[in-house]
Amino acid sequence: MPAFLDGGGECGALIMARDWSDSLGPVENWPLSLKAATGLLLRSPVPMAMLWGSDGIMLYNDAYSVIAASRHPQLLGRPVREGWPEVADFNDHVMKVGLANETLSFRDQEMVLHRHGRPETVFFDLDYSPVLGDDGRPAGVLAVVMETTGRVEAARAQAARVERLAFFDRLSEAIRDHREPGGILQETARLLGQHLGVSIVTFADLEADEDTFNIRGDWAAPGIRSIVGRYSLDAFGGTATGALRNGRPLIVRDANADLSPVEAGALAELGIAAAVCMPYMQGGRLAALMAVNHDQPRDWSPDELSLISEVTERSWAHVIGFRSAVILSESEDRFRNIADHTPVMLWMTDESGYCIYLNRTWYEFTGQEQGKGEGFGWLDAIHEDDRPGTERAFLAANESQARYEADFRLRRADGTYRWCIDAAAPRFDGTGRYLGYVGSLIDVDERREAVERVRQSEEQLRAVIDQMPVGVSIARVSDGEIVNYNQAMEEILGHKALPVGTTEYDQYGGIDETGAPLALESYPLYRAVQGETVTDQELRYRRPDGHVVNLLANAAPIIDHDRQAKIAVVAIQDITQRKAADAHQQLLINELSHRAKNLLAIIQSIAQQSFRGDDPTPAQLARFEGRLGALSAAHGILTQEKWEAVPLRRLICDTFTAVRSDDERFRMDGPDLLLPPKVAVSLAMAVHELATNALKYGSLSSETGTVDIRWRKDDGRLHLDWKEHGGPPVTAPSRRGFGSRMIERGLSAELGGSVVIRFEPSGVRCIVDAPMPAYG
């Protein structure tokens, strides 16, 4: 694959696989400028298309293929005019401008495209730039295409909602002072007709036969005649009666196309070519109508139909509400007297959601003028950030005739905002007909502040617990579920809290001394949930990684102010290192005791051998002090090496120089080896005896004598050779002294090998052949 197509995704692969002989020619022969531009767009995450040559041969990337939808991949390699015939003129203009070395830019450009086999209105941000060919002249056009349909539709929908709300605000304001049904309907018809820009709006009520209806009032645009009068519903045909008597709206976009000739003629006599007639049902029967009519065919939009339906409902609800108000005026007066003297804000709506009453407490709290809150004016007292959500929640609840509840910030008379809870229940009459809401508002600002303080306090407590160096878990006593499990607990146990209750705590990793799972009743938190206080319980725990740790636990139920335990808490410390330190300390004590006993045994043996025989007392003391010095030197080295391992070279050197500080006649040769403590002591004593004998009787007793010590390690064995040179002639003694016996017997036993002393004429020789000790 050519480098400029490599990494170009699906579209790069399709470009490589396509036969381009009908347009651009073989890929490898494309101009460098086309290759470079194609490589750029293929790697771009932004939807891009290339229109190459005068025909605008299309090349595009994977992001653009999403916009192309069902036309991908057929668009690839086609002229743009053929690829998008529904916008051919637009693309002709793009190619003309781009190939003239100019740019174009459009924002929210509206188009009608057939991307899914049907026309759809879409919007794009479009940027077109010329692409220069190898000769430096424009050879194509690069298009950056960002679809903005969703954004535009959302903006238009928002504008429509704003306009709809503004319309109802105007309507509420216009009918507020009307007390007669005719005045309410007349004003509603005027505002609705002007808002929609139609010819005529009418309202009518039906007589008992459900056929005769009286248009009692209307609003007509300038030049349009009024159609107030008495009519028969049947005269308008089966389409109208079938819809309206069954509570469905009659929607006519083009009477000549939608209706029979007779039905269309009946409307034409009234100057109507398009109509929306909304029924108002009461008790299951058609009671009234409101019709919006136009003298030309009209494609009513969903927003218009929704608006007409809602205005119908509200208008007739006002009329019916007015009539009911007359009948129930005395009852309402009594209700208002009670409601106005309650400290709670009360309100009431009709079935359309229109607020028909707010008590005096509302107006005193909000500072609104009397009556301003009725209709939908109460929304004006709500904080602007909370108003849209509150309105949506209220309208949705009213639509479903369900309980309504919302909390929002309500402006007080002094201009401050207070949090309130607004709650209402639907009202129904004896027949089950929905009448609207009765609701109340309660100022909960102080309660919210208290709740917030508690929440902050809990967060602070949780933060403190999370920072504690010990693991802490808190569980509900009712079911044992863990509600708090801090970071230290996660680190100690090696996992997060398990989603289990009291009876399942044994799913945690506690183990007994044998390594078996810990019994449920042995878990400290389980015991605390059962009401027990646990103090300094030690237990072992196997973490998910297999590592076993030692823990110290304290747990207890927390008694509330009502003397009931709602929660239980456990605190865990990892005492693994402390336990190991305790064990190590005991080991050191035992080792110290053992070594002291061994040292005393060695000293006792040295004393017995040093003070035996007929030698004068000063000589015996000298031998004893020398041997103790060698023992002390060996222990000094072991102490410096922490009684772990002793370098062989240093041991020999220090022991020898303790006998004779001048070591120029003392030669050593061998690798660096380490000896365990016990072997080091025995070897040090042997070197001391050899050195003392050499100084008194051997090679070092003369001015020219020397001592050579050589050692090596072969096949896991230690070979050490002590050889004296240049001393007096040597003869074998008639009996072996303590030193010789200690060397041949004691050292050989300690090393587990052989130690031989030879009294050669040229000088004493000691040969050691033994397995290399473990530290070697």
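Helices (H or I, at least four residues) and strands (E, at least two) are DSSP runs, numbered from the N terminus. With that in hand, Pro-73 is easy to place: look in the loop between helix H3 (62–68) and helix H4 (80–83). The peptide bond that joins His-72 to Pro-73 is cis, with omega near 10 degrees.

Before going further, a word on what you're looking at: this is a predicted model, where local features need pLDDT of at least 70 and side-chain atom pairs count only at pLDDT 80 or more, while totals for chains, interfaces and linings use all residues. Residues are numbered from 1 along each chain as its sequence is written, and side-chain values use heavy atoms, with hydrogens and water left out.

Now the overall picture. The chain has 22 helices and 29 strands. Of its 776 residues, 43% are buried, where buried means under 20% relative accessible area, exposed over 50%, and partly exposed in between (1.4 Å probe, protein chains only). Take the contacts (heavy atoms within 4.5 Å) with a separation of 6 or more: 51% of them come from residues 24 or more positions apart.

Next, a couple of backbone oddities. Asn-101 isn't a glycine, yet its phi is positive, about 65 degrees. You'll find Asn-101 in the loop between helix H5 (88–98) and strand S3 (104–113), and with a relative accessible area of 47% it is partly exposed. Glu-210 is another non-glycine residue with a positive phi, near 60 degrees. Glu-210 sits in the loop between S6 and S7 and, at 27% relative accessibility, counts as partly exposed.

S6 and S7 also turn up around the largest cavity. On a 1 Å grid over the protein atoms alone, a cavity is a set of points where a 1.4 Å probe fits but cannot get out, and its lining residues have an atom within 4 Å of a point. Grid points are joined across faces, edges and corners, and the volume is the space filled by probe spheres set on the points. The whole structure holds 5 cavities of 30 Å³ or more, and the largest comes to about 300 Å³. It is lined by 24 residues, with Phe-213, Phe-236, Leu-267, Cys-277 and Ala-291 closest to its centre. Elements giving two or more residues to this lining include strand S6 (200–206), strand S7 (212–220) and helix H10 (261–268), but S11 gives the most, with 4 residues.

Finally, trace helix H14 (residues 387–400). At 1.5 Å a residue, its 14 residues should span 20 Å, and the end C-alpha atoms are indeed 20 Å apart; the expected span is 1.5 Å times one less than the number of residues. Which residues of H14 are buried? They are Thr-390, Glu-391, Phe-394, Ala-397 and Asn-398. Down the axis of H14, these buried residues fall within an arc of 135 degrees, so they line one face of the helix; the arc is that of the directions from the helix axis to the C-beta atoms. An α-helix has 3.6 residues a turn, so residues three or four places apart point the same way. The buried residues of H14 pack against helix H6 (149–175), strand S12 (345–349), strand S14 (404–411) and strand S16 (434–443). On the other side of H14, Arg-392, Glu-399 and Ser-400 are exposed. After H14 comes Gln-401, with a positive phi near 55 degrees.

Conventions:
On a 1 Å grid over the protein atoms alone, a cavity is a set of points where a 1.4 Å probe fits but cannot get out, and a pocket is an open set with protein on both sides within 12 Å along at least five of seven lines; lining residues have an atom within 4 Å of a point.
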